[in-house]
Amino acid sequence: MLYRIYKLFRSFFYPERCPYCYKRIEYNKIACDECRGQFPKTYSINYAKGGYICCSPFFYQGIFADAVKRLKFNQFTQSSEKLAAVLEDCVRKSYNIEEIDLITFVPMHRKDYSDRGYNQAELLAKDLARKLKITCEKTLIKHKRTAPQHECLSSAKRRDNVKGAYKVIEKKKPKLKGKTILVIDDILTTGYTMGECCKTLEKCSNSRVICATVCAKNDIYT
Ligand SMILES: [Zn+2]
């Protein structure tokens, strides 16, 4: 309730915008009618490297790719909650949410985090966790700075680029044992980044790890 009042109050000063086309919309809408009409009827299920299941409401194309780019590069953090609303529906339809113990997210290297000022995966994970009423915690750190995955042309380079880049935060380890963990990111591109995060979590805690992203790239297996 308080959150709704806060949102209404905020909308007087910062008009709400459609995450997909940036047009102004009413504060309680998740998209303008035109963009909403372009939402796919079904969600896609893909696999991160290592076979970890990943559900995504959109493919990375057109207005959906624009939405992720705005969140990631244009400081348009207000859209996170609206994107998380679509992610919530996708997660509810793809998984048994009763089984999910914890939500976490793909971390950024601290240098990249301080350059951007926020981690879009963390914003999405926190908004989603609030909607699903599941705890969200940072469980991983990225201790190796990597080149952007799209700059690595071969599959082997993409794999080597992220290999060993993540580790589980030491004091979080006992909390993760045998749990079902949902890992969030904005986009599943090559599947290596998400796969590496899942493997790192699974190896440390014998957990079941599943994933969700806002977008999935069409050609992640090529
Ligand atoms: Zn729109």
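**Figure 1. Lys133, just after helix α6, in the predicted model.** Lys133 directly follows α6 and takes a positive phi of about 60°. Most residues other than glycine have a negative phi. The helix that precedes Lys133 is the subject of the next view.

**Figure 2. Helix α6, residues 120-132.** The helix has 13 residues, which at 1.5 Å a residue should span 18 Å; the end C-alpha atoms of α6 are 18 Å apart, so the two values agree. Gln120, Ala121, Glu122, Leu123, Leu124, Ala125, Asp127, Leu128 and Ala129 are buried. The elements against which the buried residues of α6 pack are the helices α3 (62-73) and α4 (79-94) and the strands β4 (102-105), β7 (180-188) and β8 (208-216).

**Figure 3. Surroundings of Leu124 in α6.** Leu124 is one of the buried residues of the helix. Neighbours within four places in sequence are left aside here; beyond them, Leu124 is in contact with Ser80, Leu83, Ala84, Leu87, Ile184, Asp186 and Val214.

**Figure 4. The largest nonpolar core.** This core holds 56 residues, and those that touch the most other members are Leu87, Leu124, Val183, Ile184, Met194 and Cys211. At least two core residues come from each of β2 (52-56), α3, α4, β4, α6, β7, α9 (192-205) and β8. The greatest contribution is that of β8, with seven residues. In soluble globular proteins, nonpolar side chains tend to be buried together.

**Figure 5. Tyr22 in the loop between α1 (2-13) and α2 (33-36).** Tyr22 is not a glycine, yet its phi is positive, at about 70°. With 16 other C-beta atoms within 10 Å, Tyr22 is partly exposed.

**Figure 6. Gln75 in the loop between α3 and α4.** Gln75 likewise has a positive phi, near 60°, and is a residue other than glycine. Gln75 has 11 other C-beta atoms within 10 Å and is exposed.

**Figure 7. The fold that holds these sites.** The secondary structure of the protein consists of nine helices and eight strands. Its radius of gyration is 17 Å, close to the 17 Å that the globule rule gives for 222 residues, so the protein is as compact as a globular protein of that length. The C-alpha trace spans about 45 × 40 × 35 Å along its principal axes. Of the 222 residues, 39% are buried. Among contacts with a separation of 6 or more, 75% join residues 24 or more positions apart.

Technical notes
Residues numbered from 1 in each chain as written. Predicted model: local features only at pLDDT ≥ 70, side-chain atom pairs only at ≥ 80, totals over all residues. Helix = DSSP H or I, 4+ residues; strand = E, 2+ residues; numbered from the N terminus. Expected span 1.5 Å × (residues − 1). Buried ≥ 20, exposed ≤ 12 C-beta atoms within 10 Å, placed from the backbone. Contact = placed C-beta atoms within 7 Å. Rg over C-alpha atoms; globule rule 2.2 N^0.38 Å. Core = buried A, V, L, I, M, F, W, Y, C linked by C-beta atoms within 7 Å.
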